[in-house]
Amino acid sequence: MQTPNILRIRGTVMDVNSYVIETADSIVVVDGMLTVSDARAVRSHIAERGKPLRGLIVTHAHPDHYAGANEILHGRDVPYLATAAVAAAIARDDAIKDRVVGPMMGTEWPIERRFPTAIAAATVTLGDITFTVRDVGPGESPADSIWLLDNRHLFVGDLVYNGMHAYLADGQHAAWIAILDQLAATIDRDAMLYVGHGEPGGRALLAVQKRYIQAFVESVAAHRHRAPDERRAAVVADMQRLLPGDNLRFLMELSVDPLAAQLG
Ligand SMILES: [Zn+2]
């Protein structure tokens, strides 16, 4: 298989990526956006390309990657796929996300959300595009996966962010770091990581992400006995020394109280 063209579409309501993978006669989308507007932008792009959509893949069990999928698929009977663990976690947690994330997004929250079907094998072919799939267990979310076109093109979901603060409220830090270590030890020197948030990048992102997770856990541990408001402010200050800026800062800030509770 010749390496397909890979286009990143960056959400404007929520800063999250969908990837459009395109060959001469097929399009496959990886991750389905959070909001109605961002999902419609993906659908419009597919319509402009004038090629059949062969499928939509979800990398992990967070709503910014699946909630918009129904809006993209809309009326198309094509495979909508995830690993069994990701599909089960989405079906299990969607009612909670509906209650928590729905009100945050208002009219941008997709009222109708479809859940992916579990894949039956570790290799998936959609049109003329073939993926190898790795179930990596819980990490950044309750269920994560990596979809590879080959050893140099990896769709890693939110296991890796690039230049953005991260969501760490699902509390699987040790497992997440183990996945990053495993990737660092095994992927090609010139592999490209197609990340869930931020620009795709090389393997150097793995060490940066690991350091970010470690710094967050250290910071929350150091400040865990302070009052919640003070604690959040202190952790945000620590993390912004490591990663200046406000890109997805709210996701990191939302993660402080849950981790503090977990650390006791
Ligand atoms: Zn995400």
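## Starting at Pro79

Let's start with one residue: Pro79 is partly exposed, as 17 other C-beta atoms lie within 10 Å. A residue counts as buried at 20 or more such neighbours and as exposed at 12 or fewer, so 17 lands in between. Keep in mind that you're looking at a predicted model.

Where does Pro79 sit? You'll find Pro79 in the loop between α3 (69–73) and β5 (80–82). Leaving aside residues up to four places away in sequence, Pro79 touches Gly55, Thr117 and Leu126. Another pair to look up is Pro79 and Ile119: they are 40 residues apart in sequence, and their C-alpha atoms are 9.6 Å apart in space.

## Zooming out

Now for the whole protein, which has eight helices and 11 strands. Its radius of gyration is 18 Å, close to the 18 Å that the globule rule gives for 264 residues, so the protein is as compact as a globular protein of that length. If you drew a box around the C-alpha atoms along the principal axes, that box would be roughly 55 × 45 × 30 Å.

How much of the protein is buried? Buried residues account for 42% of the 264 residues. Contacts tell you something about the fold too: take those between residues at least 6 apart in sequence, and 70% of them join residues at least 24 apart.

## A sheet of five strands

Next, find the open sheet of five strands, with the order β7-β8-β9-β10-β11 and mixed pairing. Its edge strands are β7 (123–126) and β11 (192–197), each of which pairs on one side only. On average, neighbouring strands in this sheet are turned by 35 degrees against each other, direction ignored. There's a helix here as well: α6 lies across β10 (153–161) and β11, and runs at about 20 degrees to β10.

Let's walk through the pairing from β7. Four bridges pair β7 with β8 in the antiparallel sense, and Thr123 has Thr132 in β8 as its bridge partner. The hairpin of these two strands has two residues between them, and in this hairpin Gly127 takes a positive phi near 60 degrees.

Strand β8 (residues 129–137) also runs antiparallel to β9 (residues 144–150), and five bridges join the two. Here Thr132 turns up again, with Leu148 in β9 as its bridge partner. Arg134 stands opposite Ile146 in β9. The hairpin that joins β8 to β9 goes through six residues. While you're looking at strands, a handy rule: in a regular strand the side chains alternate between the two faces of the sheet.

## Helix α7 and its two sides

Finally, turn to helix α7 (residues 228–242). At 1.5 Å a residue, its 15 residues should span 21 Å, and the end C-alpha atoms are indeed 21 Å apart, so the two values agree.

Which residues of α7 are buried? They are Arg232, Val235 and Met239. Look down the axis of α7 and these buried residues fall within an arc of 70 degrees, so they line one face of the helix. What do they pack against? The buried residues of α7 pack against α6 (204–223) and α8 (249–263). On the face of α7 turned away from its buried side you'll see the exposed residues Asp229, Glu230, Ala237 and Arg241.

Note on methods
Residues are numbered from 1 along each chain as its sequence is written. This is a predicted model: local features need pLDDT of at least 70, side-chain atom pairs count only at pLDDT 80 or more; totals for chains, interfaces and linings use all residues. The radius of gyration is taken over C-alpha atoms; the globule rule is 2.2 Å times the number of residues to the power 0.38. Two residues are in contact if their C-beta atoms, placed from the backbone, lie within 7 Å. The expected span of a helix is 1.5 Å times one less than its number of residues. The arc is that of the directions from the helix axis to the C-beta atoms. Two strands pair if DSSP finds at least two bridges between them. Axes are lines fitted to C-alpha atoms, for helices over the stretch in contact, and angles run from 0 to 180 degrees between N-to-C directions.
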